[in-house]
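The following exercises concern the topology and packing of a predicted model. Please work through each task before reading its solution.

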Amino acid sequence: MKIIVGSINPVKVSAVQNAIRDHAVLGSAELTSHDSHSGVSEQPLHLEIMVSGAHNRAQHAYTTNPQRDSMECMGVGIESGVFPLGLDKKEGVFSHLIG
C-alpha cells in the first residue's frame, strides 16, 4: 500500500503520518508526498472551496503515481481555510479538510 499526500508541507505530511500510524492496515503503508496544487485560492473562504481544494490535491497526488494500477494506492489531500459560521459576520472557523 502506498499513500501519497498531495502536499510537501511538513505539517500536512506529519498529520497524515500521525493519523495512520496505529491503523491496522494503513500503519504499514509507504508514505510519500507530492507537490500538488489545490486549484483554489491560497486562503479559501468557503467550505465548498476547501472541500474542492482537498479533493483536487488528493486526486492529483493519486494520478501522479505511475504504479497506481499495479499496486494499492491512495491519494490524500488536506486544505485549510476560513469559512463563516453564520452567527456573526466577523466570526469564522479555521479548519483543515482531508479529501
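**Exercise 1.** Determine in which helix Ala-58 is found, and decide whether Ala-58 counts as buried or exposed.

*Solution.*
Step 1. Ala-58 is found in helix 2, which spans residues 47-63.
Step 2. The relative accessibility of Ala-58 is 9%. Buried means under 20%, so Ala-58 counts as buried.
Step 3. The C-alpha atom of Ala-58 is separated by 4.3 Å from that of Val-76, although these positions lie 18 residues apart in terms of chain offset.

**Exercise 2.** Establish how strand 1 is joined to strand 2 and to strand 3, and derive the strand order of the sheet.

*Solution.*
Step 1. Strand 1 (residues 2-5) and strand 2 (residues 30-33) run parallel and are joined by 4 bridges. Lys-2 stands opposite Glu-30 of strand 2.
Step 2. Strand 3 (residues 73-76) also runs parallel to strand 1, and 4 bridges join the two. Here Val-5 has Val-76 as its bridge partner.
Step 3. The result is an open sheet of 3 strands in the order 2-1-3, with parallel pairing. Strand 2 and strand 3 are the edge strands, each pairing on one side only. From one strand to the next, the twist averages 20°.

**Exercise 3.** Identify which strands helix 1 touches and which strands helix 2 touches, and give the handedness of the β-α-β unit.

*Solution.*
Step 1. Helix 1 packs on the sheet and touches strand 1, strand 2 and strand 3; its direction makes about 150° with that of strand 1.
Step 2. Helix 2 packs on the sheet as well, touching strand 1 and strand 3, and its direction makes about 145° with that of strand 3.
Step 3. Strand 1, helix 1 (residues 10-20) and strand 2 form a β-α-β unit that is right-handed.

**Exercise 4.** Describe how the faces of strand 1 are covered, and state which residues make up the largest nonpolar core.

*Solution.*
Step 1. In a regular strand, side chains alternate between the two faces of the sheet.
Step 2. In strand 1, Lys-2 and Ile-4 lie on one side, with Ile-3 and Val-5 on the other; all are buried, and both faces are covered.
Step 3. The largest nonpolar core has 9 residues: Ile-3, Val-5, Val-13, Val-16, Ile-20, Leu-26, Ala-29, Val-76 and Ile-78. Strand 1 and helix 1 each supply at least two residues of this core, and helix 1 gives the most, with 3 residues.
Step 4. In soluble globular proteins, nonpolar side chains tend to be buried together.

Notes: Residues are numbered from 1 along each chain as its sequence is written. This is a predicted model: local features need pLDDT of at least 70, side-chain atom pairs count only at pLDDT 80 or more; totals for chains, interfaces and linings use all residues. Side-chain values use heavy atoms; hydrogens and water are left out. Buried means under 20% relative accessible area, exposed over 50%, partly exposed in between (1.4 Å probe, protein chains only). Two strands pair if DSSP finds at least two bridges between them. A crossover is right-handed if, with the strands pointing away from the viewer, the path from the first strand over the helix to the second runs clockwise. A nonpolar core is a set of buried Ala, Val, Leu, Ile, Met, Phe, Trp, Tyr and Cys residues joined through side-chain atoms within 4.5 Å. Axes are lines fitted to C-alpha atoms, for helices over the stretch in contact, and angles run from 0 to 180 degrees between N-to-C directions. Contact means heavy atoms within 4.5 Å.
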